[in-house]
2 protein chains.
Amino acid sequence: MHVGRQTWLFKNKPVIISTGTVVGPDEGEGPLADTFDYVHEDLDMQEKSWEKAERKLLEQATQAAVQKSTIQENQINYFVGGDLMNQIISNTFAARKMGLPYIGVFGACSTSMESLAIASLLVDTGNAEYVMAGTCSHNCTAEKQFRYPTEYGSQKPPYAQFTVTGAGAAIVAATGDGPRVIAATIGKIMDFGLTDPFNMGAAMAPAAVDTIQAHLADLNRTPSDYDLIVTGDLASVGLPIARDLFKENGLSLEGTVFNDCGLMVFDLETQAVQAGGSGCGCSAVVTYGHILQRMQKGELKRVMIAATGALLSPLSYQQGESIPCIAHAVTLEMEG
Amino acid sequence: MHVGRQTWLFKNKPVIISTGTVVGPDEGEGPLADTFDYVHEDLDMQEKSWEKAERKLLEQATQAAVQKSTIQENQINYFVGGDLMNQIISNTFAARKMGLPYIGVFGACSTSMESLAIASLLVDTGNAEYVMAGTCSHNCTAEKQFRYPTEYGSQKPPYAQFTVTGAGAAIVAATGDGPRVIAATIGKIMDFGLTDPFNMGAAMAPAAVDTIQAHLADLNRTPSDYDLIVTGDLASVGLPIARDLFKENGLSLEGTVFNDCGLMVFDLETQAVQAGGSGCGCSAVVTYGHILQRMQKGELKRVMIAATGALLSPLSYQQGESIPCIAHAVTLEMEG
């Protein structure tokens with residue numbers, strides 16, 4: 001059901017019946033280490049290229065989600081996924097392996113919630129019984145593609161973010177046990193003219209705020225209706241900006257925990273991750289691991305995840321364009 | 001409504017109330033010249049880069065679609081789009097200009113029907129009133145990104161395809177006059193191990209056949225139920241392969257015109273386009289121009305468009321991967 005300007009309210013409340021999360025070594029040394037299904041000890045993962053390693057992460061995450069569920073892979077109607085790689089090759093090759101009808105999407109780091117929103121829509125409207133949503137990122141593939149050749153070892157400003165090496169996948173179903181997907185808001189592009197591709201958090205903060213406010217308004221809710229609202233991934237620079245923007249807009253965050261997946265996945269005191277995590281995989285592994293596990297335990301009843309994406313390309317940056325940003329938000333609820 | 005394995009049957013039959021098509025000079029010299037809303041005389045389009053020109057094409061196509069309709073741009077709930085550029089920047093920047101909630105998708109040249117399928121789903125299920133679907137390609141941006149620097153003027157094998165410079169946009173609505181979107185089939189990835197990125201037609205033919213057969217089976221139809229079945233874009237190498245595959249599979253194409261957007265958009269006898277057209281814009285401008293106009297005139301009642309995509313990236317090719325291909329099919333009907 002369409003509510004307000006840009007929100008889908010899922011009247012049948014599709015269920016996330018299973019998830020899979022696979023990460024790299026840095027994430028395995030972070031505070032959420034115990035929440036992942038599998039932690040790789042190195043960045044190569046016995047593959048010949050980082051791109052093949054990234055794809056392996058996603059394949060393992062989708063396999064874990066199937067294995068932890070009560071269904072077979074061939075019962076899944078569609079795979080919805082995307083990633084940061086040019087032509088989203090990680091998801092395409094993972095989809096080839098699965099052999100499922102495939103809906104490729106792209107929202108940079110917001111792909112995690114874009115794919116979950118579309119998967120939930122398909123199930124909610126009866127257009128599918130089971131849909132897998134998945135996304136992934138790899139620190140070395142992102143560095144290589146978006147920044148400098150990794151071997152340069154170029155220095156970074158402290159406000160830069162550190163791309164998470166990880167993949168998350170979720171199986172959405174019409175019935176079953178687990179956290180339910182209540183609503184999704186598709187974001188608009190926000191661009192305040194920032195052009196520094198290292199400063200993603202600041203560029204993305206207005207998009208996160210715009211989508212969260214639209215989501216709340218469309219659902220007629222306030223932040224205090226939520227146990228947790230997380231962005232992904234504003235990190236230590238962007239999150240305070242988002243807080244300030246909420247304050248300016250008169251929106252009180254009192255009574256709600258407001259956090260960011262990029263701050264949750266790493267320990268910024270002890271890990272060399274600059275301002276915190278980023279990448280498609282960041283909000284995916286934090287949501288499909290830590291957050292859903294807390295919901296399953298009854299610690300969180302209602303959570304909003306607003307995944308943010310910086311939709312630039314190296315070419316758009318080189319041609320002097322500013323950074324268009326977007327955020328897509330999903331509300332999850334645990335009953336009982 | 002979900003029917004068969006991978007098909008959405010739209011019970012409310014969303015209507016394409018308006019379209020916009022804008023092309024470059026080569027397409028303007030082709031047999032469909034008169035069917036486009038606007039033909040540019042050069043490839044630069046008064047822009048400083050080909051990428052900015054590609055974006056302009058899409059912006060003009062979306063504007064034309066709005067202008068030819070009875071609605072205002074701000075009545076549109078969502079823009080669904082994607083293109084061949086890394087991080088689909090053409091659509092992202094066009095979406096920034098429109099200010100609409102934006103669902104970025106990627107299916108290479110199949111993006112035209114992927115975006116139309118999702119737009120139609122949103123309208124059919126009541127999750128939106130008006131949705132714009134759009135896509136675009138530009139010969140020079142595609143050459144530069146996927147092949148060689150354009151200035152090399154490198155030669156091509158005769159089986160290579162020529163990327164269409166063009167953009168197409170369609171507004172899908174719950175009610176109104178125009179061709180109706182009846183059903184959509186989301187394709188699976190087909191990969192028979194071909195590795196020559198110049199030979200896209202041969203690589204994509206099995207995906208087109210697989211999706212067309214799934215679409216017919218899920219809807220319980222035969223090719224003779226259609227006035228026209230078009231692929232986009234198999235061109236002169238891929239289309240005969242698809243014909244042979246249908247024959248091998250025992251599917252008769254008698255009584256149906258089976259054609260390809262890449263063959264329709266250019267005159268292969270007089271234009272230097274090798275095996276024919278390709279690119280996201282190819283099936284979009286042929287469908288949203290020529291085909292819909294023929295439907296409006298009553299010349300065609302039921303048409304299936306199966307847009308094909310080669311989901312490789314230059315990097316996946318360099319790393320020795322074969323070419324994963326996909327096709328998404330949509331059936332359109334004109335009543336009366």
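Which helix gives the most to the lining of the second largest pocket? I will come to that after the largest one. Keep in mind that this is a predicted model.

So, the largest pocket. The space in it comes to about 780 Å³. Its lining is made up of 30 residues. Lying nearest the centre are A:Lys144, A:Gln145, A:Phe146, A:Pro314 and A:Gln318. By class, the lining splits into 15 nonpolar, ten polar and five charged residues.

On secondary structure, four helices each supply at least two residues of that lining: H5 (139-146) and H10 (314-318) of chain A, and H5 (139-146) and H10 (314-318) of chain B. The largest share is from H10(A), with four residues.

Now the second largest pocket. Here the space is about 220 Å³. Back to the opening question: H10(B) gives the most to this lining, namely three residues.

The residues lining the second largest pocket are B:Phe146, B:Arg147, B:Tyr148, B:Pro197, B:Phe198, B:Met200, B:Leu312, B:Ser313, B:Pro314, B:Tyr317 and B:Gln318. In terms of class, eight of them are nonpolar, two polar and one charged.

Where does the second largest pocket lie with respect to the domains of chain B? Domain 1 (2-173) and domain 2 (180-333) of chain B both contribute lining residues, so the second largest pocket lies between them.

To recap the two pockets: the largest has about 780 Å³ of space, with H5 and H10 of both chain A and chain B in its lining. The second largest has about 220 Å³ and sits between domain 1 and domain 2 of chain B.

Notes:
Residues are numbered from 1 along each chain as its sequence is written. Chains are lettered from A and ligands numbered from 1 in the order in which they are written. This is a predicted model: local features need pLDDT of at least 70, side-chain atom pairs count only at pLDDT 80 or more; totals for chains, interfaces and linings use all residues. Side-chain values use heavy atoms; hydrogens and water are left out. On a 1 Å grid over the protein atoms alone, a cavity is a set of points where a 1.4 Å probe fits but cannot get out, and a pocket is an open set with protein on both sides within 12 Å along at least five of seven lines; lining residues have an atom within 4 Å of a point. Grid points are joined across faces, edges and corners, and a volume is the space filled by probe spheres set on the points. Ala, Val, Leu, Ile, Met, Phe, Trp, Tyr, Cys and Pro count as nonpolar, Asp, Glu, Lys and Arg as charged, and the others, Gly among them, as polar. Domain bounds come from an automatic or database domain assignment.
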